[in-house]
Amino acid sequence: MKIKALNGFKDILPEEVVLWNRVEKTARSLLQRFDFDEIRLPILEKTELFARSIGEATDIVEKEMYTFPEKQITMRPEATASMVRAYIQHGLYVRKPVQRLFTIGPMFRHERPQKGRLRQFHQLSVEVLGSENGRIDAELMALASQFFDEIGVSVSLELNTLGCPECRPDFRRRLLDFLEAKKELLCEDCRRRIGTNPLRVLDCKQQGCRQQVIDAPSMQEHLCSGCDDHFAGVQKFLTALGITYRLNKFMVRGLDYYCRTTFEFLTADLGAQAAVCAGGRYDGLVEQLGGPKVAGIGFAMGLERLVLLLLQNSGTLEATALDLFVAGLGERATDRAYALVNQLRRRGMRVAMDHEGRSLKSQMKQADKASASFVLIIGDDELKNNAGLLRNMASQEQLSVELQDEEIEAVVSSLLPAHTESG
Ligand code: ATP
Ligand code: MG
């Protein structure tokens with residue numbers, strides 16, 4: 001019986017890894033320009049960390065976590081909680097009053113797998129801890145937006161506010177009154193949510209529920225003066241940075257720790273899985289997890305959805321091309337090729353050869369399949385003169401070169417259009 005990967009867990013094959021590397025490289029370069037530092041966090045954490053931060057009555061904690069109950073540990077479903085845990089544990093606030101951090105890695109949620117929705121998926125998480133200034137909110141959205149520009153994916157930004165512990169309870173009551181009156185018309189999940197997490201009814205994906213909440217009260221209209229000023233500020237800063245957005249009173253985000261600003265970047269090209277990046281403020285979270293009273297904000301980008309978009313845009317996947325394929329003919333020539341290949345790799349070239357003594361024809365086929373830019377042919381005759389035949393695969397031109405790695409490298413790199421490292 002063949003063993004297959006678990007449902008919702010996916011192998012990322014070499015051709016696709018090229019895209020993943022592009023995404024990560026673009027992200028790292030941009031985050032560096034925005035003065036963010038990378039942090040790497042463990043995948044397993046105490047279950048309590050997620051229950052206390054994300055919230056007991058959320059989809060994630062209620063039904064999506066991979067938990068080992070007897071050990072009371074969980075595979076992280078997202079990175080913010082771990083980021084805040086590390087921030088507190090290592091006293092990062094002592095080193096720098098405002099920490100700008102990011103991490104890239106796998107997350108685990110037990111949900112129904114479909115296109116753009118897996119059980120192990122990857123996120124880029126970007127967080128700023130230690131500031132409640134609305135300039136940071138807008139700057140983070142500008143960062144994400146620039147990332148989408150640089151990677152070449154078109155998205156739209158939606159913005160909302162969830163108020164704070166001062167103004168949300170009153171809004172929640174108004175919303176409850178509104179929802180109670182419509183209870184019979186809502187889906188089963190939403191009828192339950194009215195009791196546990198009524199705000200979540202606002203972003204139910206069911207058409208029937210959407211219809212019912214069109215006239216629901218909006219948090220934006222029930223903010224306390226602090227939140228109102230903050231929200232106005234964020235919008236002003238977005239405009240100052242040239243970022244266009246649309247207000248969406250139905251966007252609530254599924255995690256308990258959010259307050260004030262929430263946002264999502266959406267694509268029109270992935271069907272139901274429209275959100276490629278989502279984030280918001282969590283000003284009370286650090287304190288709630290036992291740290292100092294500092295504000296925080298962050299976003300998480302779903303990398304599978306991003307790679308899917310890149311695939312849809314480019315159509316085909318291209319394997320990384322070889323700089324040079326060395327074809328040795330005969331035993332002595334193959335031995336010479338073997339040492340030469342090793343030298344050329346030390347000099348920074350992507351080089352391959354055949355070790356199985358195949359015919360020239362078959363080796364040329366291999367070189368072609370690997371999209372080699374050049375083939376160096378070494379036969380026993382050439383070997384006598386310490387020379388090889390270097391063939392330019394694009395122009396079909398051939399020239400004799402001395403079998404010295406410097407010379408070969410010099411010829412190849414002078415002729416290669418872009419002799420850069422891949423990925
Ligand atoms: P969704 O509404 O699609 O379930 P979410 O609100 O649960 O998303 P977040 O927890 O905010 O998502 O995660 C941020 C981003 O991570 C999402 O916008 C999405 O791009 C990605 N993401 C979330 N869950 C998955 C998953 N199961 N598979 C792939 N990507 C995911
Ligand atoms: Mg989800």
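**View 1. Where helix α13 meets helix α16 in this predicted model.** On the α13 side of the contact sit L340, Q343 and L344, and they meet D405, I408 and E409 of α16. Sorted by class, the residues of this contact come out as three nonpolar, one polar and two charged. The two helix axes come within 10 Å and cross at roughly 60°. With angles of 35 to 65 degrees counted as oblique, α13 and α16 are therefore oblique to each other. As for handedness, the α13 and α16 crossing is right-handed.

**View 2. The five-stranded open sheet beside those helices.** Read across, the strand order is β13-β12-β14-β15-β16, and the pairing is mixed. Which strands sit at the edges? They are β13 (351-353) and β16 (398-402), each of which pairs on one side only. Neighbouring strands in this sheet are turned against each other by 25° on average, ignoring direction. For a spot to zoom in on, try β14 (residues 374-378) and β15 (residues 387-392): they run antiparallel and are joined by four bridges. Here V375 has R391 in β15 as its bridge partner.

**View 3. How the two helices lie on the sheet.** Helix α13 (residues 331-346) lies across β12 (324-328), β13 and β14. Its direction is about 160° to that of β13. Helix α16 (residues 405-415) lies across β12, β14, β15 and β16, and α16 runs at about 145° to β16. So much for the sheet and its helices; the next views move to other strands.

**View 4. Strand β6, paired with β5 and with β11.** Strand β5 (residues 99-108) runs antiparallel to β6, with ten bridges joining the two. One pair to pick out is P106 with its bridge partner in β6, H122. β6 also pairs with β11 (residues 296-302), again in the antiparallel sense, over seven bridges. Is β6 (residues 120-129) mostly covered or mostly open? Mostly covered: nine of its ten residues are buried. In a regular strand, side chains alternate between the two faces of the sheet.

**View 5. Strand β11, between β6 and β10.** β11 shows up here with bridges to β6 and to β10 (residues 275-281). The β10 pairing is antiparallel and has five bridges. What stands opposite F299 of β11? That would be G279. F299 is also the bridge partner in β11 of V126, while E127 has G298 in β11 as its bridge partner. β11 is mostly covered too, with six of its seven residues buried.

**View 6. Helices α1 and α6, packed at an angle.** α1 (residues 14-33) and α6 (residues 134-151) pack at about 140°, and their axes are 10 Å apart. Angles count as roughly antiparallel only over 145 degrees, and α1 and α6 are therefore oblique to each other. Their crossing is right-handed. From α1, the contact uses R22, V23, T26, A27, L30, L31 and R33; from α6, it uses L143, Q146, F147, E150 and I151. By class, the contact of α1 with α6 has seven nonpolar, two polar and three charged residues.

Terms used
Residues are numbered from 1 along each chain as its sequence is written. Chains are lettered from A and ligands numbered from 1 in the order in which they are written. This is a predicted model: local features need pLDDT of at least 70, side-chain atom pairs count only at pLDDT 80 or more; totals for chains, interfaces and linings use all residues. Side-chain values use heavy atoms; hydrogens and water are left out. Buried means under 20% relative accessible area, exposed over 50%, partly exposed in between (1.4 Å probe, protein chains only). Two strands pair if DSSP finds at least two bridges between them. Axes are lines fitted to C-alpha atoms, for helices over the stretch in contact, and angles run from 0 to 180 degrees between N-to-C directions. Contact means heavy atoms within 4.5 Å. Angles under 35 degrees count as roughly parallel, over 145 as roughly antiparallel, 65 to 115 as roughly perpendicular and the rest as oblique. A crossing is left-handed if the near helix is turned anticlockwise from the far one by less than a right angle, and right-handed if clockwise. Ala, Val, Leu, Ile, Met, Phe, Trp, Tyr, Cys and Pro count as nonpolar, Asp, Glu, Lys and Arg as charged, and the others, Gly among them, as polar.
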